[in-house]
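The following exercises concern a ligand and its surroundings, and then a small piece of sheet. Please examine the structure before reading each solution.

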Amino acid sequence: MANISRRKFIQMAGAGGLLAGFPYAASWGSQPKARVVIVGGGTGGAIAARYVKALDPSIDVTIVEANPRYTTCFMSNWVLAEMRDLDSLTHGYENVIARGINVIIDPATTIDTEGQKVLTQGGQSIPYDRVIVAPGIDFQWDAIEGYDAAAAEIVPHAWKAGPQTELLQNQIRAMDDGGVVAIVAPPNPFRCPPGPYERAALIAYYLRRHKPKSKIVIYDAKDAFSKQGLFQAGWARHYPGMIEWVGGFAGGKIERVDVAARTLYSEFDDFEADVLNIIPPQTAGRVAINSGLTDASGWCPVDFRDLQSTLARNVHVIGDAMVSSALPKSGYIAASTAKVAAVAVVDHLNGREPGTPAFFNTCYSLLTPQHSISVSGVYEAGTNAEGQPAILPVGNSVAVSPAGADDSFQAREARYAASWYDNLVDQGFG
Ligand SMILES: Cc1cc2nc3c(=O)[nH]c(=O)nc-3n(C[C@H](O)[C@H](O)[C@H](O)COP(=O)(O)OP(=O)(O)OC[C@H]3O[C@@H](n4cnc5c(N)ncnc54)[C@H](O)[C@@H]3O)c2cc1C
């Protein structure tokens, strides 16, 4: 054990510790009541871990995470507007560990749902009584001809924050004034439904100051999008003539890309741009697919009452990876589903029947640093018109901010967006 004594390591493991590259050792010492393993320590996973531990400290809680630090996607569009830097969106696991949660930095390769073990790239085999699966998203690399993981190193998606965000920012900064930025928006369902349209606004905010003759064109697989009326009114007001949206009905669905020529091809036409940002169609994180937790949709079906997988026992899936039904794939919903799953897991492990959950969403999108619009809603498990289990909005609770709201209202929403961020991150990493 380099640089760490065995005694010190046992202290860390006992109190919850960072266990990179070590065989699973968290149950050394007194026998825990049960072992809960969380695959993916992002927004959903970190919050689920905290709640399980807080609700029943006698449960041994372990996060298995691929990276030593987590960069939030939310607010990564703010980086493109030079309002935040990536460092300020990046969080370590020190506070998670201080709460008595074990953190293993080692990508999970599969969840052996029969043997109830999480297997890792580093060769670890981590047993569990319940596992909470929170790996976020992956991309359908075969959906747009010419766009695969290698092409994304040249033409970024920037839909996982970090180096991809930097690559997109550098390309926009290097573009000449008068250039065209093309954003390719994916079909539903995908991570952060308002995200591509907030991105257009915040790139426009940068361009208006630095390259005012430039344009942004959004090629969309869809015929409509989240908060559409509010976004289009905001673009027209703050960036007149700068942002164009081409819906699916007008040929916006991109089928092929020539990365070298920076050219997009739809069924009807081809489009050249100076900077391309392709956000491909998505699925649940690869580890969920490899573990047999996804259905034909590419997402993980769950019982909406306790978020238990319908395909494997003692497995719960939260956040973006689950079949969302009416829930948007948002950070706030990742937090909400994390809490629902944490309560359900603790109830199951203590022989109690989980209660009836509700899910909450609030999501702000900036038009400029001083103007924000929002959507919020409350949801519950129920049955849809076809008699199938579904998550449904409660009454008229799903609403967007009022059209035509004045500047002071939108400025207040922009301030709320900043405190929303701090609160959300604090729940998992604070
Ligand atoms: C540009 C953009 C803007 C956004 N803005 C907002 C916003 O304003 N409001 C909002 O609510 N949401 C927003 N979102 C959406 C939000 O980021 C996601 O919905 C949220 O991060 C989902 O949380 P999650 O825990 O499911 O997944 P993630 O946050 O992606 O966490 C998944 C974690 O799992 C880890 N992981 C993956 N595979 C493995 C593996 N095999 N082994 C171990 N670990 C693994 C990853 O490293 C990661 O840490 C935005 C997204 C984007 C892209």
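**Exercise 1: Polar contacts of the ligand**

In this predicted model, an oxygen atom of the ligand is 3.4 Å from a polar backbone atom of Lys329. Determine which side chains place a polar atom at 2.5 Å and at 2.6 Å from an oxygen atom of the ligand.

*Solution.* Step 1: the 2.5 Å distance belongs to a polar side-chain atom of Tyr70. Step 2: the 2.6 Å distance involves an N or O atom in the side chain of Arg191. Step 3: a polar contact requires N or O atoms within 3.5 Å. The pairs with Tyr70, Arg191 and Lys329 meet this cut-off. Taken alone, the ligand exposes 1000 Å², of which the protein buries 92%.

**Exercise 2: The shell around the ligand**

Describe the make-up of the shell and explain where the ligand lies relative to domain 1 and domain 2.

*Solution.* Step 1: there are 34 residues around the ligand, and Gly44, Glu65, Tyr70, Arg191 and Gly331 come nearest. Step 2: by class, 17 are nonpolar, 12 polar and 5 charged. Step 3: α9 gives the largest share, 3 residues. Step 4: domain 1 (6-138 + 284-355) and domain 2 (142-280) both contribute to the shell, so the ligand lies between them.

**Exercise 3: An open sheet**

State the strand order of the open sheet of 3 strands and identify its edge strands.

*Solution.* Step 1: the order is β14-β15-β16, with antiparallel pairing. Step 2: β14 (254-258) and β16 (270-272) each pair on one side only, which marks them as the edge strands. Step 3: β15 (residues 263-266) is joined to β16 by 3 bridges, and Leu264 stands opposite Phe271 in β16.

Definitions and conventions. Residues numbered from 1 in each chain as written. Predicted model: local features only at pLDDT ≥ 70, side-chain atom pairs only at ≥ 80, totals over all residues. Heavy atoms only, no water. Near = heavy atom within 4 Å. Polar contact = N/O pair within 3.5 Å; in protein donor to acceptor, adjacent residues only side chain to side chain. Areas by Shrake-Rupley, 256 points an atom, 1.4 Å probe, with all protein chains shown as cover. Helix = DSSP H or I, 4+ residues; strand = E, 2+ residues; numbered from the N terminus. Nonpolar A, V, L, I, M, F, W, Y, C, P; charged D, E, K, R; others polar. Domains from an automatic or database assignment. Pairing = 2+ DSSP bridges.
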